[in-house]
Amino acid sequence: MTAPRDPTDITALVLDELSAEAAAALRHQLDADPELESIHQQTTVLVHAMQQGAPTPSDLLHPAQRQRILHSAAPAPRRALPSGKTTPPALRPVRSAWPRRLSQLAALLTVGGVCFWIGHSQLVRPSVATNQKSPALDATNSATASPKPPPATANRPALAQTDLPPAPPPPSAAPRPVQTAPLATESPTDLALTASPARTPEVAARPPTDPPAFKLHTHLAAHPFTDAARAPKLDLPLEPTRIRPRIKPPSADNLIAAKPAPRSTDPAPPPAPRPPLYIHAWRADTASCPWDSELRLLRITVQLPADQAAALGNSTQYPFEIDFDPNNVRRFRLLGSSDQPAPELRQAGRLTYWFEYSPNGALRDRALHPGRRVASIRIPNVRFTTTPVGPFDDGLLTAEDRGIEWTQARSDFRLEAARLGLALLLQGSSSTGNLNADLILKILPPASGPLKPERDRLANALRQLATLVGSH
Amino acid sequence: MASSPGSSSTADLVRQALQDYESILIGYTANLLGGDVERARDVVQDAFLKLCQADPDRVRHGLRSWLFTVCRNRAFDVLRKDQRLDFADWQDLDRQDESSLHPADQADSTHLSELAWALVEQLSPNQQEVIRLKFQHDLPYQEIAEITGLSVGNVGFLLHTALKKLRQRLQRQLKPAPPLPAP
């Protein structure tokens, strides 16, 4: 028998993986060698049998899993875009000579756009004016319909001005490094980590690429560990006004103060009922705790539209119930929370809550247990801005622990955990295990992807802090 | 303008991908996870959620390979966490299984394809994977190479070796049993 140059060629020939020339050469060789041809025929019979009898997979995803995928893939409405990431459509290059009708249409659109912008700025002003209450917002507070912004009304107090409130600060080419506020001595500690780059007129037109400023609170002192068997439920106040867009008030020099309103002798009106709360989405993530191997972290994120009465009106708290499962959780504590305001009115902001918990029972093993319930999260009477699809209860969010290590967690989870770790480190808490600056640098996700600017900023801040205290 | 995650083209891509690949990905992943269909569902769900975040223009070409690769990597992460993955044992499995084979154990099934697929379970995990990708999912060598991270030549060699083993074992299986000795 004359063996082919490569014995795998016979199999490749049967599977149609050879090029035409190689196949022709091999067939010529097979025709001349009966033993090779016998192997070729046996392989052909076997391959055909396997192709015919190949088991057909028939398992499908569970309906809840499928719905979750379809919901994630659904195109987001404009206001549900990730906060801070606005990418306006690319502008078409202006042609040197336009047809007459196109010129007229462009003029019409420009005028319409200016009118809309003026009207939009008028809408924002009620949150800027400190001593004046817009009747339009009062009307919105009592409304029970959709969370759309209230229309302009003729009764709104007139603020003659020559300077419209500026848009939220866009980034400059070289953002300032992260600044940390001085530590407070009272608890809970509020640590403001701002990343507001300088605003210059020439960059005002560029699309913002940096996330807006957020505020991080740590709650260790106020919320020590709680025994889940004794008190599994935690009621937190959810304050939608914390995601209200932060708009710089106009310069006082350009404002003409309105005449003071006459004091009313009528009795004070009854307090307006609490407006409904709308959210875009919420999620719960768990992973191992980087600074304490006996603990795990739970992050609950709620994304809310900024243009709703609950966020724009008076500060109102909504119940936010977290019910830990004592079968799987031994003790827990609220570690911190953060507010990420919406960059502008028609976008979304986020409220995030971080918990540490000590697993109970089987969760203490490091093996992967899919879907062990850690906690159930509920916001009573919450409404979603998009219609959820599926048989599940959309008012209840279940936090499941899948045994994920923090090294395998999502990049945004790791970035926020690093921020939280830094806040705890600066607070000087003694109950944070092996937390140190080096560990926080390791927690940061890899330097790639959309989170890279934020990630690099935090890494630079850590290195500067380390240099400052002489540890490098 | 390029599509971005969250756009309607992403939604269409994900819906179509679910329709085309949902069950075959679960089947493929379940085989990697030792038959654990529930965990395979979780892995496949994660893969599709990752697809929701991906740029559709980048993954559209080669979507099938992309999905298989993501499921494969995720399945190995799962196995690694379970500490059930030991690459050193993969080559030994082959030698161990040869001695356990006996014609009498497989006497009931005479259908060649059923027998062949039953014998696939006794191949090494590497060989099983390429056999399934080739025959169950009808992927070309090139795609199998992309998914598994092997070279095209290695894929060809693995398939050739696997089929040769199957052929030899089938011949042993289908050989008539020796006559009983006379009392």
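# Exercises on a predicted two-chain model

The count between chain B and chain A in this predicted model is 13 residue pairs in polar contact, both residues at pLDDT 80 or more.

**Exercise 1.** Describe the side of chain B that touches chain A by its helices and residue classes.

Solution.
- Step 1. Find the helices of chain B that each supply at least two residues to this side: H1 (8-32), H2 (37-53), H4 (63-82), H6 (112-120), H7 (125-136) and H9 (152-174).
- Step 2. Sort the residues of this side by class: 24 are nonpolar, twelve polar and ten charged.
- Step 3. Set the two chains side by side: 46 residues of chain B are in contact with 41 residues of chain A.
- Step 4. Add the area: about 4,000 Å² is buried between chain B and chain A, and carbon and sulfur atoms give 66% of that.

**Exercise 2.** State how many salt bridges cross the interface of chain B and chain A, and check one of them against the cut-off.

Solution.
- Step 1. The rule finds three salt bridges across the interface.
- Step 2. One pair is Arg41(B) and Asp59(A), whose side chains meet at 3.9 Å, N to O.
- Step 3. The cut-off is within 4 Å, and the 3.9 Å of this pair therefore satisfies the rule.

**Exercise 3.** Examine helix H3 of chain A: its span, its N-terminal end and its buried residues.

Solution.
- Step 1. H3(A) covers residues 34-53, which is 20 residues.
- Step 2. From first C-alpha to last, H3(A) reaches 28 Å, close to the 28 Å expected at 1.5 Å a residue.
- Step 3. At the N-terminal end, Asp33(A) acts as a cap, with a side-chain oxygen 3.1 Å from the backbone nitrogen of Glu35(A).
- Step 4. The buried residues of H3(A) are Leu36(A), His40(A), Thr43(A), Leu46(A), Val47(A), Ala49(A) and Met50(A).
- Step 5. An α-helix has 3.6 residues a turn, so residues three or four places apart point the same way.

**Exercise 4.** Decide whether Asn381(A) and Glu405(A) are buried, partly exposed or exposed, and place each in chain A.

Solution.
- Step 1. Asn381(A) sits in the loop between strands E12 (372-378) and E13 (383-384).
- Step 2. Exposed means over 50%; Asn381(A), at 71% relative accessibility, is therefore exposed.
- Step 3. Asn381(A) has a positive phi of about 65° although it is not a glycine.
- Step 4. Glu405(A) belongs to the loop between strand E14 (396-401) and helix H8 (411-427).
- Step 5. With a relative accessible area of 25%, Glu405(A) is partly exposed.
- Step 6. Leaving aside neighbours within four places in sequence, Glu405(A) is in contact with Ala287(A) and Ser288(A).

Methods. Residues are numbered from 1 along each chain as its sequence is written. Chains are lettered from A and ligands numbered from 1 in the order in which they are written. This is a predicted model: local features need pLDDT of at least 70, side-chain atom pairs count only at pLDDT 80 or more; totals for chains, interfaces and linings use all residues. Side-chain values use heavy atoms; hydrogens and water are left out. Contact means heavy atoms within 4.5 Å. Buried area is the accessible area (1.4 Å probe) that two parts lose on being put together, summed over both. A polar contact is a pair of N or O atoms within 3.5 Å; within protein, one must be able to donate a hydrogen and the other to accept it, and residues adjacent in sequence count only if both atoms are side-chain atoms. Helices (H or I, at least four residues) and strands (E, at least two) are DSSP runs, numbered from the N terminus. Ala, Val, Leu, Ile, Met, Phe, Trp, Tyr, Cys and Pro count as nonpolar, Asp, Glu, Lys and Arg as charged, and the others, Gly among them, as polar. The expected span of a helix is 1.5 Å times one less than its number of residues. Buried means under 20% relative accessible area, exposed over 50%, partly exposed in between (1.4 Å probe, protein chains only).
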